[in-house]
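Q: Please take a close look at one part of this model, namely how its strands pair. Set out the pairing step by step, then relate it to the rest of the chain.

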Amino acid sequence: MPGYLGDKSKMIVHHLAVMKNECNIFDVKIKDRFYFVPDMLEQAKKEGFSPCKYCDD
Ligand SMILES: [Zn+2]
């Protein structure tokens, strides 16, 4: 299971281990879902994603 999920429509990255209902990740369309290699927040930031304000630890 991936640790991080990017939402390309909003350019936000969620930390799945601490996700909240407010993240609404099930509303993220399949085509907008983006995973990171390596699966790390630093990689997400490098690719232009901002941490989600709900599940950013
Ligand atoms: Zn989130």
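A: Strands β2 and β4 are joined by two bridges and run parallel. Helices (H or I, at least four residues) and strands (E, at least two residues) are DSSP runs here, numbered from the N terminus. Two strands count as paired if DSSP finds at least two bridges between them. In this contact between β2 and β4, I12 stands opposite S50 of β4.

Two remarks on provenance come before the rest. The model is predicted, so local features need pLDDT of at least 70 and side-chain atom pairs count only at pLDDT 80 or more, whereas totals for chains, interfaces and linings use all residues. Residue numbers start from 1 along each chain, as its sequence is written.

Strand β2 also pairs with β1, here in the antiparallel sense and over four bridges. The bridge partner of G6 in β2 is V13. The two strands make a hairpin with four residues between them. M11 lies in this loop between β1 and β2, the latter covering residues 12–15. The phi of M11 is positive, about 55°, although the residue is not a glycine. M11 is partly exposed, with 14 other C-beta atoms within 10 Å. For these labels, C-beta atoms are placed from the backbone, and a residue is buried if 20 or more other C-beta atoms lie within 10 Å of its own, exposed if 12 or fewer, and partly exposed in between.

Strand β1, residues 4–7, is joined to β3 by two bridges, and the two run antiparallel. G6 stands opposite F34 in β3, and D7 stands opposite R33 in β3. G6 therefore has partners in two strands, V13 in β2 and F34 in β3.

Put together, the four strands form an open sheet of mixed pairing, in the order β3-β1-β2-β4. The edge strands are β3 (33–34) and β4 (50–51), each of which pairs on one side only. As background, the strands of a sheet pair through backbone hydrogen bonds, either parallel or antiparallel. Along the sequence the pattern is β-β-β-α-β, from one helix and four strands.

Next, the side chains of β1. Y4 and G6 point one way from the strand, L5 and D7 point the other way, and all of them are buried. Y4 and L5 belong to the largest nonpolar core, which has 10 residues and also holds I12, V13, C23, F36, A44, F49, C52 and C55. At least two residues of this core come from each of β1 and β2. A nonpolar core is a set of buried Ala, Val, Leu, Ile, Met, Phe, Trp, Tyr and Cys residues joined through C-beta atoms within 7 Å.

Apart from neighbours within four places in sequence, Y4 is in contact with V13, H14, H15, L16, F36, D39, L41 and A44. Contact means that two C-beta atoms, placed from the backbone, lie within 7 Å. P2, in the segment before β1, touches L16, Y35 and D39, again leaving out residues up to four places away. P2 counts as exposed, with 11 C-beta neighbours inside 10 Å.

Two loops beyond the hairpin have backbone features to check. N24, in the loop between β2 and β3, has a phi near 50°, a positive value in a residue other than glycine. N24 counts as partly exposed, with 13 C-beta neighbours inside 10 Å. P38 lies in the loop between β3 and α1 (41–46). The peptide bond from V37 to P38 is cis, with omega near 0°.

For the chain as a whole, 23% of the 57 residues count as buried. Among contacts with a separation of 6 or more, 66% join residues 24 or more positions apart. The radius of gyration, taken over C-alpha atoms, is compared with a globule rule of 2.2 Å times the number of residues to the power 0.38. For 57 residues a compact globule would be near 10 Å, and the chain agrees, with 10 Å. Along the principal axes, the C-alpha atoms fill a box of roughly 25 × 25 × 20 Å.
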